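Visitor: I would like to walk through this structure step by step, with a reason given for each answer. Could we begin once it is in view?

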Amino acid sequence: MTKTIAVLGTGKIGEALLSGMIRAGWRPADLLVTTRRAERASQLRDRYGVEPVTNAEAAKRADTLILAVKPQDMGKLLDELAPHVAADRLVISAAAGIPTAFIEERLTAGIPVVRVMPNTPVLVDEGMSVISGGSHATPADLNHTDEIFGGVGKTARVPESQQDAATALSGSGPAYFYFLVEAMTDAGILLGLPRAQAHDLIVQAAIGAAVMLRDSGEHPVKLREAVTSPAGTTISAIRELENHGVRAALIAAIEAARDRSRELASGNG
């Protein structure tokens, strides 16, 4: 952990990575940040002891550059960085829908680029970050990326051709669960429970179910069947979910998210 790392665009995701790296053992003295606003830079310096710099200075000084800007800002950022990024740097992009080739074409020839799709639970160290190497990324580059993003959750590697699918499933995934919790809370209110109580019941059920899925190693069908007694309440609910096409709707929704990710990657924003 002796390399200098710069987080460019230190918003919520960037700050989550920054704090995760510090907890994982990186020294604040080895971490640089860039922001648009001076007050934000001061806040990060005071909170973490890191040094705010300009994008150009980060490109000159850091061994690893993490580009945590919005996809629509990536082109402008790369134009700013291009004159200053040497070929021995590692560039990690956390911008949704931006292929590694887009970055490689705008920087020094041969520079290694790694694409990462994190999701918002990185904010609570329970993220899922999906990693793909560009045409010049080495196993060491991918391992280094694992180290960084492993501080805020789990990581997985996929070929870049699968990044759009991973974005639809994992990157957008938390929103699907929030949507279901919202609907289930409304159902609880309809059945006569106070909103706060309905919310607490559902959230704890979700946490417990997720831990069982993670720790038991059982297939979700088997876990669901363990709750589903013959002629009981659960099977009545499952029948209604199937009658209303919930399974098909979820599959179609995730396909739509995948297709939109492909559109963004092709520049059709």
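Guide: Let us start with a term: a salt bridge is a side-chain nitrogen of Lys or Arg lying within 4 Å of a carboxyl oxygen of Asp or Glu. Please keep in mind throughout that this is a predicted model.

Visitor: By this rule, to what number does the count of salt bridges come?
Guide: The rule asks for a nitrogen of Lys or Arg within 4 Å of a carboxyl oxygen of Asp or Glu, and the pair Arg-23 and Asp-125, with N to O at 2.4 Å, is one that meets it. Applied to the model, the rule gives a count of salt bridges that comes to 20.

Visitor: How many residues apart in sequence are the parts that the pair of Arg-23 and Asp-125 ties together?
Guide: Arg-23 counts as partly exposed at 48% relative accessibility, and Asp-125 likewise counts as partly exposed, at 29%. Arg-23 belongs to helix 1 (residues 12–24), while Asp-125 sits in the loop between strand 6 and strand 7 (127–133), so their salt bridge links parts whose separation in sequence is 102 residues.

Visitor: Is Arg-115 buried or exposed?
Guide: The side chain of Arg-115 meets that of Glu-160 in a salt bridge of 3.1 Å, N to O. Arg-115 lies in strand 6 and Glu-160 in the loop between strand 8 and helix 7 (163–171), so the pair ties together parts 45 residues apart in sequence. Glu-160 counts as partly exposed at 23% relative accessibility. The cut-off for a buried residue is under 20%, and because Arg-115 has a relative accessible area of 5%, its class is buried.

Visitor: Which residue meets Arg-195 in a salt bridge?
Guide: Arg-195 counts as exposed, because its relative accessibility is 52% and the class begins over 50%. Its partner in the salt bridge counts as partly exposed at 41% relative accessibility, and the distance from N to O is 3.9 Å. That partner is Asp-186.

Visitor: Which residues do salt bridges that share partners join into one network?
Guide: When salt bridges share partners, they can be followed from one residue to the next as one network. Here the residues joined in this way are Glu-15, Arg-40 and Arg-47.

Visitor: Turning to the sheet, which strands stand at the edges?
Guide: The chain has twelve helices and eight strands, and eight strands form an open sheet with mixed pairing, in the order 3-2-1-4-5-6-7-8. A strand at the edge has a single partner strand, so one of its sides is left without a neighbour in the sheet. The strands in that position are strand 3 (51–52) and strand 8 (153–157).

Visitor: In strand 5, what is the bridge partner of Ile-66?
Guide: Strand 4 (residues 64–67) is covered on both faces, with Thr-64 and Ile-66 buried on one side and Leu-65 and Leu-67 buried on the other. Strand 1 (residues 5–8) pairs with strand 4 in the parallel sense over four bridges, and there Val-7 has Ile-66 as its bridge partner. Four bridges also join strand 4 to strand 5, again running parallel. In strand 5, the bridge partner of Ile-66 is Ile-92.

Visitor: In strand 6, what is the bridge partner of Ser-93?
Guide: Strand 5 (residues 90–93) and strand 6 (residues 113–117) pair in the parallel sense over three bridges. The partner of Ser-93 in strand 6 also has a salt bridge with Glu-160, and its name is Arg-115.

Visitor: Which backbone oxygen does the side chain of Thr-228 reach?
Guide: Thr-228 lies in the loop between helix 10 (220–227) and helix 11 (233–243), and at 17% relative accessibility it counts as buried. Leaving aside neighbours within four places in sequence, Thr-228 is in contact with Thr-234 and Ile-235. The side chain of Thr-228 reaches, at 2.7 Å, the backbone oxygen of Arg-224.

Visitor: Finally, about what area does the nonpolar surface patch that includes Tyr-178 have?
Guide: Tyr-178 is found in helix 8 (residues 173–190), and it counts as exposed at 54% relative accessibility. The patch is made by Phe-177, Tyr-178, Phe-179, Leu-180 and Met-184, and its area is about 590 Å².

Definitions and conventions. Residues numbered from 1 in each chain as written. Predicted model: local features only at pLDDT ≥ 70, side-chain atom pairs only at ≥ 80, totals over all residues. Heavy atoms only, no water. Patch = residues over 30% accessible without salt bridge, like charges linked within 9 Å, V, L, I, M, F, W, Y side chains within 5 Å. Areas by Shrake-Rupley, 256 points an atom, 1.4 Å probe, with all protein chains shown as cover. Helix = DSSP H or I, 4+ residues; strand = E, 2+ residues; numbered from the N terminus. Buried < 20%, exposed > 50% of the residue type's maximum accessible area, 1.4 Å probe, protein only. Polar contact = N/O pair within 3.5 Å; in protein donor to acceptor, adjacent residues only side chain to side chain. Contact = heavy atoms within 4.5 Å. Pairing = 2+ DSSP bridges.
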